[in-house]
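Student: Please take me through this structure feature by feature, with the criteria for each term.

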2 protein chains.
Amino acid sequence: MAITQRASDRAYQTLRDEIVEWELRPGSVLGEVEQATRLGVSRTPLREALARLMADGLVSPQSGRGLVVTDLSLASIREIFEVRQALEEQAARLAAQRGDTAVFQQLESEFAAVNELLEHDDPARHAYYGLVARLDGAIDDAVDNSYLAAALATLRTHLVRVRRLAVDDPARLSAAAAEHLLIVQAIAARDAELAAHATQVHLHHALRNIQKMANLHSNLHTLVGATGPAPKGTL
Amino acid sequence: MAITQRASDRAYQTLRDEIVEWELRPGSVLGEVEQATRLGVSRTPLREALARLMADGLVSPQSGRGLVVTDLSLASIREIFEVRQALEEQAARLAAQRGDTAVFQQLESEFAAVNELLEHDDPARHAYYGLVARLDGAIDDAVDNSYLAAALATLRTHLVRVRRLAVDDPARLSAAAAEHLLIVQAIAARDAELAAHATQVHLHHALRNIQKMANLHSNLHTLVGATGPAPKGTL
DNA sequence: CACACCGGTTCTGTATACAGAATGTGGATG
DNA sequence: CATCCACATTCTGTATACAGAACCGGTGTG
């Protein structure tokens, strides 16, 4: 809760949110002067923001001049999930070994009662995703590994982008909650291997659901390329 | 092979090398004007370089004003290896599934003959580490996952820093080469699970060797805190 | 003698000005 | 009519100037 946020931070967060929320679509060219005037900052802090976005992998340098918003194809989603499998399995395993049992028992009861959350007609599912975010935070705290936490943080940014692309249906959310419940139970019971395996199961289903929805839309091209400014990228 | 490198790139690479090579020691305060004048660039590109170093986790903001070179304690080395176990196991597994067999058979023969490399009295072991780097590159190419490659790249930066801290003894290098040989053989044979397990074995021994050497030096504090400008960090 | 306040100094954060390079367009020529 | 060259526009990369804030020293007072 910074009292006065720096202009570069504001520019970074704004651009990051706009990219993650698909307001800036893949292939959009981010000119420095253009974005600087739009966001009301000078070019210097804006360049710093763009550098951070590049480090996150949300924008990438176009041939020669200009940065463009990174593409997010089904293939890159698969790539993200391959990293996610590795990191979240390790995180779950370590959390089971090191976590505070009480914290995860509390989360366990909340995930057991998650159907009440899902019944409330909250189109964005804020309550549910908030609970998942608290689970992620609890795992990060339990693992106590800044390198792992940093890698997971950048990964989660991309995952929010994926989530905004393919909204989960209620049936999937209910199933996902059950999978999360098993993960939390395993961590609370300090069963590292079960936690690792349950995480793999969850990620398997999550990716399969995304691929299924992509097939429903024939392909992601039509889904994400429907409207908006001309995407000059490969997507 | 950029024809003309940008000043920010030169500043970044120089600072990164100096940190990795322990010329800039943990706790060193990096003032903007000081480093800018020293490297012969203006503050603007230097700030960009510092931002990238921060994203890499090589420097971190000190309380309020100033950036300091990140600490590298035995605990943080263990953290790095926890991430490395997750990412390199996954990389080895995927490389075994997707790799070009011929490429890894070639590397296999080179690792089988690695003792000749180690006999040459090259104190820095450039030939050996070059071979390992080529193995890493071959795995990256085979995996064909930009997110995983990016995560491994930042991790390897920290690992070079660790390597410069604790020079491997010949016995360890010979053993490590044998472990690498098994990994390459497994990938060439498309045995994903063996490649994953062999990677775990290698990382286990590598970390144990570092911990053993750290104990020999009583603790890392005395090892890295022996000379140089006053480290104001916790190390 | 200790603590607090105040001034000076230095640093970060931001804006702007300038130079070099690349791109795109228009016209001229084959 | 197509192609190539030249010019102009625009953008990135860099330097520098300026403002606000934080730290350090000294000094005064309790």
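Tutor: We go through the fold of one chain, its sheet, the contact between chains, and one helix.
The model is predicted: local features need pLDDT of at least 70, side-chain atom pairs count only at pLDDT 80 or more, and totals for chains, interfaces and linings use all residues. Residues are numbered from 1 along each chain as its sequence is written, while chains are lettered from A and ligands numbered from 1 in the order in which they are written.

Student: How many helices and strands are there in chain A?

Tutor: Helices (H or I, at least four residues) and strands (E, at least two) are DSSP runs, numbered from the N terminus. Chain A has 11 helices and three strands, in the sequence pattern α-β-α-α-β-β-α-α-α-α-α-α-α-α.

Student: In what order do the strands of chain A form the sheet?

Tutor: Strands of a sheet pair through backbone hydrogen bonds, either parallel or antiparallel. Two strands count as paired if DSSP finds at least two bridges between them. In chain A the sheet is open, with order 1-3-2 and antiparallel pairing. Its edges are strand 1 (29–30) and strand 2 (59–61) of chain A, each pairing on one side only. Strand 1 of chain A joins strand 3 (residues 67–69) of chain A over two bridges; A:Leu30 has A:Leu67 as its bridge partner there.

Student: Which residues of chain B and chain A take part in the contact, by number?

Tutor: Two residues are in contact if their C-beta atoms, placed from the backbone, lie within 7 Å. Chain B and chain A contribute 22 residues each. On the chain B side, helix 3 (43–56), helix 4 (74–98) and helix 8 (146–165) each supply at least two residues. Helix 4 of chain B gives the most, with 10 residues.

Student: Which residues are buried in helix 8 of chain B?

Tutor: A residue is buried if 20 or more other C-beta atoms lie within 10 Å of its own, exposed if 12 or fewer, and partly exposed in between, with C-beta atoms placed from the backbone. In helix 8 of chain B the buried residues are B:Leu148, B:Ala151, B:Leu152, B:His158 and B:Arg161. Their cover includes helix 4 and helix 8 of chain A, along with helix 1 (7–20), helix 4 and helix 7 (126–143) of chain B.

Student: Why is B:Gln106 classed as partly exposed?

Tutor: B:Gln106 is partly exposed because 15 other C-beta atoms lie within 10 Å. B:Gln106 sits in helix 5 (residues 101–112) of chain B.
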